[in-house]
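Welcome, and please open the model in your viewer with the sequence alongside. We will go from one selection to the next.

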Amino acid sequence: MCNLAEEIYLAFPRNDVSVLTNQKDIINWKFPPAGTSKLHTDGVSRGNPGRGSIGGIMRDDQGRWQRGYYGKIDNCTSLFVELESIRRGMMLAMKKGIED
């Protein structure tokens, strides 16, 4: 009977480093539509549940920074901390009059 780590290890030939070296990750960011803003959020917990951290940034349609935030949460699940980061970002946007 194989465990998951062994199964993954056996799935890739030991001499085939092309799996790692030829792979290109394309990371891009698209501007929001004219006259609108974009909110990016993130939340992470150390453990599930565990101590968590949140953060986010809002940018305008030209990609310029509008607002940002960060914080800590004492005890939370990974789902809660992600949702709390979204909630706090939305609250900040409303407080600053950013509607779109």
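The tour starts with confidence, then visits an aromatic pair and a surface patch.

This is a predicted model, in which local features need pLDDT of at least 70 and side-chain atom pairs count only at pLDDT 80 or more, while totals for chains, interfaces and linings use all residues. Residues are numbered from 1 along each chain as its sequence is written, and side-chain values use heavy atoms, without hydrogens and water.

Colour by pLDDT (the predictor's confidence in each residue, from 0 to 100). The protein averages 84, and 75% of the residues score at least 70. Select strand E2 (residues 50-59) for the highest confidence, a mean of 95, then helix H2 (residues 18-21) for the lowest, at 56. Helices (H or I, at least four residues) and strands (E, at least two) are DSSP runs, numbered from the N terminus. Where pLDDT is low, the predicted coordinates should not be read in detail.

Next, select Trp29 and Phe31. Ring centres of Phe, Tyr and Trp (its six-membered ring) within 6.5 Å make a pair, with planes under 30 degrees apart stacked, over 60 edge-to-face and the rest tilted. The count is 1 aromatic pair. The centres of Trp29 and Phe31 are 5.0 Å apart and their planes lie at 75°, so this pair is edge-to-face.

Now add Lys38. Its charged end sits over the ring of Trp29, 5.1 Å from the centre; the rule asks for NZ of Lys or CZ of Arg within 6 Å of the ring centre and within 35 degrees of the ring normal.

Finally, go to Ile86 in helix H3 (residues 78-95).
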